[in-house]
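Dear colleague,

I am passing on a structure that will be new to you, and I would be grateful if you could look it over with the notes that follow it.

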Amino acid sequence: MRSTAMTMFAFPILLASLLVPGVHAQLVHPIAGPTPSFEVATVKPSPNDSPSTNFGIAPGRFSARSATVEELIKLAYNVKASNGIEGEPKWATSEKFDIQAKIDDTEAEAMQKLQPAQRLDQYRLMMQSLLTDRFGLTTSTRTKMLPVYALVVAKNGPKLEVVEHGKAHMPSLWGGSRGELHASSVSMGMFADWLSGNVDVGGRPIIDQTGLKDSYDFTLKWTRNESGANAMAGLGTSHPVTSVVPTEQGGPSLYTALQEQLGLKLESRKGPVEVLVIDQLKRPTPN
């Protein structure tokens, strides 16, 4: 089983399906004018067949180990739906690459003054530039009506530790591949992004509709669903999920854990989701 481990940004309650206008899983689009880019970047074929992908973001630096181009595109464009990319060649889901990239120290210092979500979007835009420059990537988008989940507050209210204003730091999410997630200074929008595409939610996009505006510290523990490949944080593979029932016994499903431990729940709906269409993609140019 392939898993995606993530140390970064330092990405069953089944109700009646509702059609909810205005609900979108938003992609991160290129900006008008010059696009941010890394000062230096190396792209090399991964030397080993590691079962896990690792992404890292630190001030001024980005790294990827044993990542497929599909995973890189999902991170760069914030693709969350398991079927949110169309037109990719087969090699983009199997061949793996290692990337090391950095930006100018002055630019890195300026980025540290941005809000965490803004910094993450800057890194995404720089990854888009890298994919264009080194992989010849060109894209377009279209909208499809897809099943989504809305992340909402449960009946008895949230059970989250609020990070005091002025004490929030670079948000981080770590763990999760074994059913234990640790979150520090994380917004509900970022948490919804992490949940999106996860095999334990059937690969669906998750839309934050909690209305909670603070940053939070929390730990979430659940029994993982091993019936399909891990699509953790929307960055893993996009194999279909045959079941949302955990195969292991003795622990709650993700759906139950969200309610019991965090006071949140997922509501099944349908909404317009942007799908990324790959118009052109080539194997990377040599360094």
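**What was found**

In strand 12, Y149 has I206 as its bridge partner. Please keep in mind while reading that this is a predicted model.

The strand pairing is a convenient place to begin. Strand 8, which covers residues 138-153, pairs with strand 12, residues 206-208, in the parallel sense over three bridges. Strand 8 also pairs with strand 14, residues 264-280, but here the sense is antiparallel and the pairing runs over 16 bridges. One of the positions in that second pairing is T139, which stands opposite I278 of strand 14.

Turning to the interior, the largest nonpolar core has 62 residues, and I73 and F191 are the ones with the most contacts inside it. Helix 3, residues 116-135, supplies the largest share of this core, namely seven residues. There is also a second, separate core of five residues, among them A81, V148, I207 and V273. As a general remark, nonpolar side chains in soluble globular proteins tend to be buried together.

F191 deserves a closer look, and with it the helix to which it belongs. Once its neighbours within four places in sequence are left aside, F191 is in contact with L151, L181, V186, F218, L220, L258, L262 and L264. The buried residues of helix 4 are M188, M190, F191, A192, W194 and L195. Because six of the eight residues of helix 4, residues 188-195, are buried, this helix is largely enclosed by the rest of the structure. After helix 4 comes G197, which has a positive phi, near 80°.

The charged side chains form the next topic, and the structure holds seven salt bridges. In one of them the side chains of K144 and E86 meet at 3.4 Å, taken from N to O. This pair links distant parts of the chain, since K144 belongs to strand 8 and E86 to strand 6, residues 85-86, with their positions 58 residues apart in sequence. K144 counts as partly exposed, at 22% relative accessibility, and E86 is likewise partly exposed, with a relative accessible area of 22%. Salt bridges that share partners join E86, K144 and R142 into one network.

Another salt bridge joins R283 and E95, whose closest N and O atoms are 2.7 Å apart. R283 lies in the segment after strand 14, while E95 is in the loop between strand 6 and strand 7 (96-102), so the pair ties together parts that are 188 residues apart in sequence. R283 counts as partly exposed at 48% relative accessibility, and E95 is partly exposed with a relative accessible area of 27%. A further salt bridge is formed by the side chains of E267 and K265, at 3.8 Å from N to O, and E267 counts as buried, at 16% relative accessibility.

Finally, where in the chain is the place of K282? K282 is found in the segment after strand 14, and at 48% relative accessibility it counts as partly exposed. Leaving aside its neighbours within four places in sequence, K282 is in contact with W91 and F135. The C-alpha atoms of K282 and P89 are separated by 9.0 Å, although these two residues are 193 residues apart along the chain.

With kind regards

Notes: Residues numbered from 1 in each chain as written. Predicted model: local features only at pLDDT ≥ 70, side-chain atom pairs only at ≥ 80, totals over all residues. Heavy atoms only, no water. Pairing = 2+ DSSP bridges. Helix = DSSP H or I, 4+ residues; strand = E, 2+ residues; numbered from the N terminus. Core = buried A, V, L, I, M, F, W, Y, C linked by side-chain atoms within 4.5 Å. Buried < 20%, exposed > 50% of the residue type's maximum accessible area, 1.4 Å probe, protein only. Contact = heavy atoms within 4.5 Å. Salt bridge = Lys/Arg side-chain N within 4 Å of Asp/Glu carboxyl O.
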